[in-house]
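Here is a short tour for anyone who likes to know how a model is put together before setting up a calculation. We will go from domains to sheets and end at the chain contact.

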Amino acid sequence: MSEALLSARGLTKRFGGLAAVNDVTLDLWRERIHAVIGPNGAGKSTLTNLLSGDLPPTSGTVTLSGRDVTSRSPERISRAGLGRSYQKTNIFLPFTVWENIRLAAQSRTPHALRVLVGAAGLREANARAERALELAGLQARRDHVAGAASHGEQRQLEVAMALATDPQVLLLDEPLAGMGTAEAERMVDLLLRLKKAHAMMLVEHDMDAVFALADHLTVMVNGQVIASGMPAQVRADAAVQSAYLGEDAHG
Amino acid sequence: MSTAKANLETLPLGLRIALAIGLLALAAFPFVGTDFYTQMVARMMILAIFAMSLDLIQGVTGLVSLGHAAFFGLAGYALAFASPQDTPVSLWWSLPLAAAASGLAALVIGFFVVRTHGIYFIMVTMAFAQMVFFLFFDNKVLGGSDGIYINFKPQAGLFDLEDKRVFYWFTLAVLVLVYLFLRRLLFSPFGRALAGIRVNEHRMRAMGFGTFGYKLAAFTLAGALAGLAGYLWGAQTGFVNPELMGFQMSAHAIMMVILGGMGNFAGAIVGAFAFEYLLHVFKDVPTIGTFDGGKHWQLWMGLFIVLVVTFAPRGLLGVLERLLRRKDKA
């Protein structure tokens, strides 16, 4: 087994008396997709926010490529090699699809405070953005305003923007949410291709996608991990069956 | 490129031609205008530089500052302190010094204020500006409420700023340079990052942009450019007082930027000219019965701005763009 690129140990987040995430330990390995599932309110998005630095944890640690990044700002964690997408589409609506991706790629160019060169001429950033645009299959939408793109395209754009920052670790928060069947299939294909170069955490409700993609499965309920392991094992777990997979998701 | 429609970042050809004609008209104006009007238009140009500096943080970055006049006034005071009683001061070191003083003040104040967001940013910028205002207002050493006279215009050597036309053209040159610089900046990596912060700062941080540094740099640069304008103001009027740093001055600049159209710098220029022109028109509104229409010019100005914001959210520049486009089609 390759080394873990991202490790969380005993991660806890309390909002007042409520522990939204309670003592969660998990690892993300290169070339593996780690799916996190659980009912609404289980703490999956909070967990994602703790890992990306959007929220500081109450206790516990996060290490990224061997470096402690606990409670670091999101921009520092991003620059340390983590890219994430959001459950609620979080893009630059008035900008074109291309400018959304290009801006993401620009974050990795040095000397970003240059004021007298054109941003459109940053060769390295353009190449990175072009790759991400292509991977996400958005070439045809390149010059469209992002706010006018379809829901599915906006979801693809979310992922493309995360990719354009050249991350080693990808956290994808429900990338398939609200997608049609054809779009969802495309996205599953994309994620399989991305697996080769990334360590990936996938928060997802679509069970077909989860079982098609996941190498490792963690189930959360009420902020706690109730099962974690190979998807087949977890599926057979009695606690999981009764708590979550039971009627509504697998019936 | 980005198509932040509301901001009209990319100026269509028609607008660019209109702006070029406007520039030619400005350059030729001193040949036809009287001294009085030449001075008045120079004053409008100074305010246009001030409005552009505010547009960098307000229209581009999305930070509404109610204290921007502090940096405008500080540079005027810097000129006043640098000028001896009986001889002119050299333009070549006093101008950079004044802009640097304003930039430094903006850096220090910015360090505290750009951490805040939305309504808090508005309040904190206003609070800092009021502190600067009263620092000068209450201190005799700093001129107090009466202000300070600047007896001579700065000396340039190559040209004579005491000549009203020369001063006018010098101001025009500064206006054009600041405009070209800011337009260039708008499409640089730095400018694109500032626009990204306006639209979605949260995502910018998630993508690795240290937005605090970007905002602080923009705030500092805007302060230094406001300083350029304030220096010219002090040089032209030969007098500075705390009013220059006051709340009203800051509010007027915000109105100029909104009136003209935000985020493209051309709008700020148009807005500054329109605001100053309308100010004169509205001050001449006659008295009807016991109601002095001219004294209450702010009433008419307020109404006009409400109309523009309601019916032309892209400002006067947006209106002009629409008119030109319609003519194209006809």
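In this predicted model, the domain assignment splits chain A into domain 1 (15-81 + 169-251) and domain 2 (87-166). Taken over C-alpha atoms, the centres of domain 1 and domain 2 of chain A are 24 Å apart. Where they meet, 14 residues of domain 1 of chain A are in contact with 11 residues of domain 2 of chain A. On the domain 1 side, strand S7 (169-173) and helix H6 (181-195) of chain A are the elements that give two or more residues. That side has 6 nonpolar, 4 polar and 4 charged residues.

Now to the sheets. One of them is an open sheet of 6 strands in chain A, with the order S6-S7-S8-S3-S9-S10 and mixed pairing. Strand S6 (82-85) and S10 of chain A lie at its edges, each pairing on one side only. From one strand to the next, the twist averages 15 degrees. Helix H5 (residues 151-164) of chain A packs on this sheet, where it touches S6 and S7 of chain A, and its direction makes about 170 degrees with that of S6(A).

An open sheet of 4 strands in chain A follows the order S2-S1-S4-S5, with antiparallel pairing. Its edge strands are strand S2 (18-29) and strand S5 (67-68) of chain A.

Three of the strand pairs can be set side by side:

| Strand pair (chain A) | Sense | Bridges | A bridge pair |
|---|---|---|---|
| S6 and S7 | parallel | 4 bridges | Leu82(A) and Val169(A) |
| S4 and S5 | antiparallel | 2 bridges | Leu64(A) and Arg67(A) |
| S9 and S10 | antiparallel | 5 bridges | Val221(A) and Gln224(A) |

The S9 and S10 pair deserves a second look. Strand S9 covers residues 216-221 of chain A and strand S10 covers residues 224-229, and their hairpin has 2 residues between the strands. In this hairpin, Asn222(A) takes a positive phi near 50 degrees. As a general point for reading such strands, side chains in a regular strand alternate between the two faces of the sheet.

Which elements of chain A give two or more residues to the side that touches chain B? They are helix H2 (74-79) and helix H3 (97-106) of chain A. Across this interface, 33 residues of chain A are in contact with 25 residues of chain B. The chain A side divides into 17 nonpolar, 10 polar and 6 charged residues.

Terms used: Residues numbered from 1 in each chain as written. Chains lettered and ligands numbered in written order. Predicted model: local features only at pLDDT ≥ 70, side-chain atom pairs only at ≥ 80, totals over all residues. Pairing = 2+ DSSP bridges. Contact = placed C-beta atoms within 7 Å. Nonpolar A, V, L, I, M, F, W, Y, C, P; charged D, E, K, R; others polar. Domains from an automatic or database assignment. Axes fitted to C-alpha atoms, helices over the stretch in contact; angles between N-to-C directions.
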